[in-house]
Amino acid sequence: SAKEYSPLVNQEKVSATALQESLALNKTNVMFDTRSDKMVFGRLTINPAEAANLTGDIKTGVFAGTSETEEVRDVFKKYFKNTVQVIYCEQENFNRYVEIAVKANGIQEENLKFYTYDNETKLYNDLAVALEYVDDNGYVHFYTNNGGYLVVSDGPLEKLPKEESSAKEK
């Protein structure tokens, strides 16, 4: 029978071989938590069946509300009035759908909007995700094949009035 197991904690990466071995053990999902003490910053869940054509390693770090996301969060606070949660995945592109879960940061399920963000070009783009929801513990879950910087917003991004955003620049 298919089983889920406890998350692996602060594991830097997972190999294609390890995921394929998980499938042989009937694991339906392999979970990786990025955490400190008892605080979970992010969870990456991979279905081993998706790893059949995988070669190489997948970086498993997922950060939200940490120093890894502070600079990008400040950019969005400076220019937009939305409540956002910025996520940083160490893997730039997963090349398959994975589930990501992070604290929702007060964002309500009915208003979820997702973006990718390129920290070098300072450009953001809409991100189509699947099966997004907020659980009873206040974590937003979604499926994507994108990594790097991801932004969850409480609706479409709304720019601050020019006076407010320029005043914050000084």
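So, to kick off: is Tyr-115 buried or exposed? Tyr-115 is buried, because its relative accessible area is 3%, and buried here means under 20%, exposed over 50%, partly exposed in between, with a 1.4 Å probe and protein chains only.

Quick housekeeping. This is a predicted model, where local features need pLDDT of at least 70, side-chain atom pairs count only at pLDDT 80 or more, and totals for chains, interfaces and linings use all residues. Residues are numbered from 1 along each chain as its sequence is written, and side-chain values use heavy atoms, leaving out hydrogens and water.

Okay, rings. Phe, Tyr and Trp rings (six-membered ring for Trp) pair if their centres lie within 6.5 Å; planes under 30 degrees apart are stacked, over 60 edge-to-face, the rest tilted. That rule gives seven aromatic pairs. Take Phe-114 and Phe-142: a tilted pair, 4.8 Å centre to centre with 50 degrees between the planes. Phe-114 sits in strand β9 (residues 113-118) and Phe-142 in strand β12 (residues 139-153), so the pair ties together parts 28 residues apart in sequence. Strands, by the way, are DSSP runs of E, at least two residues, numbered from the N terminus. Both Phe-114 and Phe-142 are buried.

Back to Tyr-115, which pairs edge-to-face with Tyr-124, at 5.5 Å and 85 degrees. Tyr-124 is partly exposed, at 33% relative accessibility. These two tyrosines belong to one aromatic cluster with Phe-76, Phe-80 and Tyr-117.

And Lys-113 lies over the face of Tyr-115, 5.4 Å from the ring centre; the cut-offs are NZ of Lys or CZ of Arg within 6 Å of the centre and within 35 degrees of the ring normal.

Methods. Helix = DSSP H or I, 4+ residues; strand = E, 2+ residues; numbered from the N terminus.
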